[in-house]
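Here is a short, friendly briefing to read with the model open beside you. Take a look at the whole chain before moving on to the bullet points.

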Amino acid sequence: MSFPSHRQPPTPADAGPPAGRVDPALADRLTEAVLLAGLPVAFGDQGPGVRIRPARPADDRDRCAGTAALDWLPSPRLTGAAVAGPGQAAGSARTVVEAAMVNALAEFLPALGLEAGRDRTGGELRVTAEAAGGGGLRVPPGVLVARPAGPTPAELGLPADLVRTVRRSAALAGLPLATHLGATGITLAPYAPTGGADDRDGAADLGWNPSRRLADLADSDLPEAARAAAARAAVDGALRHAVGTALRACGTELRWLHAHQLLRAYGESAPAVRR
């Protein structure tokens, strides 16, 4: 004689996230990491920012339930121009910007405790649900300290035309431009003389500031400071290269001075989207 089973069906926690959804703990960790780096998070299909979405199975054997895939969504203006004129400058710029920013994510996320890698086809950049269980960088509450705002580009004497060009390119790419030297995003400062032909009047050196929380933790005397400083360095290295590629694609004349580790902007080049 057989008896009915009294075994309870698995709970959602036991079963894991259903197909087509990102593990909630992983989504939270990714959102925190992206914001710590100083980048915006996109919601849905509306940019700009990092889109965190469910991974798409490459085939029937690809078990990726709960896994996140990461994309970069540039500004709606660049996206719209690329869709309206495929094969034109806007389409190429969009492709370059998206690839540069996704590559940057792959470079700096491990420093924030999240291993990222491509799927087996080399397409999606993925982070698995297992990554959420590791020891990621935790920013304790109350880490922010009072800091002076820092000078603005205008107060630094940077040419208004150059600032407008960088601001326009950054907006197209979907990147934040720091309003002053202490703010999050792309920073502009008077160029540091190198004694070569790259020292030109009206140029500016570009940098990247992560979030205040990451910067203040890195500069603190807390136990997490050393790890935060390493994460800040990884974010800076990855994003300065990505920013240079993205801004150049969106109409700013740039040069990477490898010997001096400087990213230098000179003015406007061919615009990706007509004004």
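The protein chain has an accessible surface of about 13,900 Å², and 55% of that belongs to carbon and sulfur atoms; such areas come from the Shrake-Rupley method with a 1.4 Å probe, and for residues only the protein chains shown count as cover. This is a predicted model, where local features need pLDDT of at least 70, side-chain atom pairs count only at pLDDT 80 or more, and totals for chains, interfaces and linings use all residues. Residues are numbered from 1 along each chain as its sequence is written, and side-chain values use heavy atoms, with hydrogens and water left out.

**The whole chain**

- The chain has seven helices and nine strands; helices (H or I, at least four residues) and strands (E, at least two) are DSSP runs, numbered from the N terminus.
- Of its 275 residues, 43% count as buried, where buried means under 20% relative accessible area (1.4 Å probe, protein chains only).
- Contacts (heavy atoms within 4.5 Å) often link distant parts of the sequence: among those between residues at least 6 apart, 62% join residues at least 24 apart.

**Confidence**

- The mean pLDDT (the predictor's confidence in each residue, from 0 to 100) is 87 for the protein chain, and 90% of its residues reach 70 or more.
- Among the elements, helix α5 has the highest mean pLDDT, 97, and helix α1 (residues 12–15) the lowest, 40.
- Over residues 1–16 the pLDDT is below 50, and this stretch has one contact in the model beyond near neighbours in sequence.

**The five-stranded sheet**

- Five strands make an open sheet in the order β1-β2-β3-β5-β4, with mixed pairing; two strands pair if DSSP finds at least two bridges between them.
- β1 (41–42) and β4 (117–118) are at the edges with a single partner strand each, so one side of each has no neighbour in the sheet.
- Two bridges join β1 to β2 (residues 49–54) in the parallel sense, and Val 41 stands opposite Val 50 in β2.
- Helix α2 (residues 24–37) packs on this sheet, touching β1, β2, β3 (68–73) and β5 (125–127), and its direction makes about 170 degrees with that of β2. For such angles, axes are lines fitted to C-alpha atoms, for helices over the stretch in contact, and the angles run from 0 to 180 degrees between N-to-C directions.
- Helix α4 (residues 89–108) lies across β2, β3, β4 and β5, at about 135 degrees to β3.

**The four-stranded sheet**

- The order of this open sheet is β6-β7-β9-β8, with antiparallel pairing.
- Its edge strands, β6 (185–190) and β8 (252–257), each pair on one side only, and the twist averages 40 degrees from one strand to the next.
- β6 and β7 (residues 204–209) run antiparallel and are joined by six bridges; Pro 190 stands opposite Ala 204 in β7.
- Helix α7 (residues 225–249) packs on the sheet, touching β6, β7, β8 and β9, and makes about 145 degrees with the direction of β8.
- Helix α5 (residues 160–173) lies across those four strands too, running at about 105 degrees to β9 (262–268).

**A look at β9**

- How many residues of β9 are buried? Six of its seven are, which leaves the strand mostly covered.
- β9 pairs with β7 over three antiparallel bridges, where Leu 206 stands opposite Leu 263 in β9.
- β9 also pairs with β8 over six antiparallel bridges, with Ala 265 as the bridge partner of Leu 254.
- β8 and β9 form a hairpin with four residues between them, and Gln 261 in the turn has a positive phi of about 55 degrees.

Technical notes
Buried means under 20% relative accessible area, exposed over 50%, partly exposed in between (1.4 Å probe, protein chains only).
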